[in-house]
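Open your viewer and get ready to click through a few selections with me. Each stop tells you what to select next and what you'll find there.

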Amino acid sequence: MPKLVFRYLVAVLCISTCQIFIPAYSRAVEPYESAYQEARKAFYRFKDDKEKQKFRHNWQFVAKAFESVANKYPDSPRAPDALYTAGRLYYDLYAVSRLEEDLRSATTCFRTLVEKYSQNYLADDAQLYIALQSVEYVKNTRLARKELAYLIEHFPKGDITPKATRMLEDLGGPPEPEEPISSMKAIETKPKPSSSESEQALLERVKHWSNPDYTRIVLYTRTKITYKSGQLPKDDANGLPARLYIDLLDTELGSDLTDSLSIRDSIVKRVRMAKRQGGFIRVVVEMDQDRSHRIFPMDDPARVVLDVVAKEDKKAETIGIKPVVKKPVSTKRKAEEIKKKSHPGASLSMLAGLRVKRIVIDPGHGGNDTGAIGPTGLLEKDVVLDIGRKLKKIIMENMKVQVTLTRNKDVFLELEERTAIANKLNADLFVSIHNNAHINRKYYGVETFYLDLTDDKYSIKLAARENATSEKTISDLDKILADLALKSHVDDSIALSGYVQKGMVGTLRRKHKDIKDLGLKPALFYVLIGARMPSILVEASFISNYNEEKRLRTSAYRQELAKGIYHGIKNFIQERNEILGME
């Protein structure tokens, strides 16, 4: 009898438990969320299958799955995400198919997102793609100016606005007053709220890159946030590893993120994320032991970058140099320093006897980031990719070194990802290739930059442009980045800059006597931050200048630019090897 009573009580408890938890689970997983997750699964299956990507109907199948979510659940929070992803799929498909139907489908998705969900954080991104198609595919700069002006007016606080402002400047500025601001139908669209007003800060994604003695972790947040960080030692008594933590204040955890990310390289074991009382997200990085690290913010899009290294720079330890924070040096004094250091000399990496075995070439911009736009519509992203490919070929044919391109096709890479690729590969040199631009189309010439602090207004303005951020942001980062800049092989980078600049000018002047030598200069370029090797950024002619844009359109001129950069790299390595007694 007691057994029967016990079984009865267990049965009642089970039924009660089911009644409590089953409805709660049903409420937790809404129909729109299930549909959206199914579409995401289809997307990742498609993304990981190169064979599927060869057929148009596979692209359409995934895009329509997302469109279905937006059409069936238009009031759900997933509708904007679904529309944006569908639009991106159609847009990327058009780049392959060149069928007008695909471009129209992309425009419809993006336009619907902008019109119906103007308060969503993806609305400005969608509007940028509407403008991009006018620049890249339709080749209608007048229409592109309208669309960009619309973006800047209606989304002044958007993270994409600096990029749109740069593009509009390249295209000749806002449309004439008598023209309508946008080619859209008249609609009431409220400005996108700023992060300080109503947009919730959100940790949306986490990415990482690593090699045996280096790990870079990037925390992407929806808006600019405030953070605090600290380090906790290994606690054997409680079985806890050495940890770093970053508290993202007033931030929510994205619904697509898991609470743990396994890395398991030789430095970092995993990254844990959790919401804590007080409205902040704590990100904990578990390590094998206490490690040196650097944390710094980047903007547009907002993110926090964490670099963890196995040891501090061995080269600095070898000769007992301790980096110190320094202030920006005046332009005149900087010029004198550059002149003294524009040859290999006895730099730290040379004293360590390091041979150049791998070079990473970084063609700037790509994908939805066109870079600068020439007066007749030439896109920087296309020019520098071609120069990068040519440079790689020349180096591979003439030198016994490995060469890697950060991108070998028209894809977008975050600036911090480009440096992380070089660090991950243990590259010995990093060369980022760009075309310059200025609102004054008379500006022309070639120049080369390395990472360092500066008070030069021109360098600050150019860095802001290439970083797609504001000049104020560059100034605000001075104090944060001073230590990073000093630890970035400055002497070697100056030397490499000098050789590359001389190589470009010398090579180009053989056929073009009017080439202007703008010299080498310091600047705070995001793409060079955290590089663990000599690194430079080349501005290979002004695409905004009519004459130089005309030259950049030709394969011959791009080949000459590539040859010039190659000669600079070769001469840098040769003199370096001679000083070190290497063959």
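## Stop 1: a helix tucked inside

Start with helix H14 and colour its buried residues: Ser459, Ile460, Leu462, Ala463, Ala464, Arg465, Glu466 and Asn467. One thing to keep in mind as you go: this is a predicted model. H14 covers residues 457-467, and eight of its eleven residues are buried, so the helix is largely enclosed by the rest of the structure. Now step just past its end to Ala468, which follows H14 and has a positive phi, near 55°.

## Stop 2: a strand with neighbours on either hand

Next, select strand S4, residues 242-248. How many of its seven residues are buried? Seven of the seven, so S4 is largely enclosed by the rest of the structure.

Show the side chains now. In a regular strand, side chains alternate between the two faces of the sheet. In S4, Ala242, Leu244, Ile246 and Leu248 point one way, while Arg243, Tyr245 and Asp247 point the other way, and all are buried.

Add strand S3 (residues 227-232) to your selection. S3 and S4 pair in the antiparallel sense over six bridges. To find your place, look for Ser229, which stands opposite Ile246 in S4.

Then add strand S8 (residues 280-287). S8 and S4 run antiparallel too, joined by seven bridges. Here Asp247 is the one to click, standing opposite Arg282 in S8.

Stay with Arg282 for a moment. Its charged end sits over the ring of Tyr245, 4.2 Å from the ring's centre. If you like that sort of thing, hop over to Lys516: its charged end sits over the ring of Tyr444, 5.4 Å from the centre.

## Stop 3: a threonine in S2

Select Thr215, which you'll find in strand S2 (residues 214-221). Is Thr215 buried or exposed? Buried: its relative accessible area is 0%.

Turn on the side chain of Asp265 as well. A polar contact of 2.6 Å joins the side chains of Thr215 and Asp265. Leaving out residues up to four places away in sequence, Thr215 also touches others, including Trp209, Ile267, Leu306 and Val308.

## Stop 4: rings meeting rings

Time for aromatics. The model has 14 aromatic pairs. A pair of aromatic rings is described by the distance of the centres and the angle of the planes.

Pick Tyr84 and Tyr129. Their ring centres are 6.3 Å apart and their planes are at 65°; with over 60 degrees as the cut-off, the pair is edge-to-face. This pair links distant parts of the chain, with Tyr84 in helix H4 (residues 79-97) and Tyr129 in helix H6 (residues 123-136), 45 residues apart. Both Tyr84 and Tyr129 are buried.

Now try Phe449 and Phe525. Here the centres lie 5.3 Å apart and the planes are at 80°, so this pair is edge-to-face. Phe449 is in strand S14 (residues 446-451) and Phe525 is in the loop between strands S15 and S16, 76 residues apart. Phe449 is buried at 0% relative accessible area, and Phe525 counts as buried at 0% as well.

Before you move on, select Tyr84, Tyr91, Tyr94, Phe110, Tyr129 and Tyr137 together: ring pairs link them into a cluster.

## Stop 5: two nonpolar cores

Keep Tyr91 and Phe110 on screen, and add Phe66 and Leu148. In the largest nonpolar core, which has 50 residues, these four touch the most other members. Several helices give two or more residues to this core, among them H2, H3, H5 and H7. Helix H4 gives the most, with ten residues.

Who is around Tyr91? Setting aside neighbours within four places in sequence, its contacts include Leu103, Ala106, Leu132 and Gln133.

There is also a second, separate core of 41 residues, which includes Tyr499, Val505, Val538 and Ile573. Click Val538, in strand S16. Val538 is buried, with a relative accessible area of 0%. Beyond its neighbours within four places in sequence, Val538 is in contact with Val431, Ile433, Val500 and Ile565, among others. For a last check, draw a line between the C-alpha atoms of Val538 and Ile565: they are 27 residues apart along the chain and separated by 8.6 Å.

Key. Residues are numbered from 1 along each chain as its sequence is written. This is a predicted model: local features need pLDDT of at least 70, side-chain atom pairs count only at pLDDT 80 or more; totals for chains, interfaces and linings use all residues. Side-chain values use heavy atoms; hydrogens and water are left out. Rings of Phe, Tyr and Trp (its six-membered ring) pair if their centres lie within 6.5 Å; planes under 30 degrees apart count as stacked, over 60 as edge-to-face and the rest as tilted. Helices (H or I, at least four residues) and strands (E, at least two) are DSSP runs, numbered from the N terminus. Buried means under 20% relative accessible area, exposed over 50%, partly exposed in between (1.4 Å probe, protein chains only). A charge sits over a ring if NZ of Lys or CZ of Arg is within 6 Å of the ring centre and within 35 degrees of the ring normal. A polar contact is a pair of N or O atoms within 3.5 Å; within protein, one must be able to donate a hydrogen and the other to accept it, and residues adjacent in sequence count only if both atoms are side-chain atoms. Contact means heavy atoms within 4.5 Å. A nonpolar core is a set of buried Ala, Val, Leu, Ile, Met, Phe, Trp, Tyr and Cys residues joined through side-chain atoms within 4.5 Å. Two strands pair if DSSP finds at least two bridges between them.
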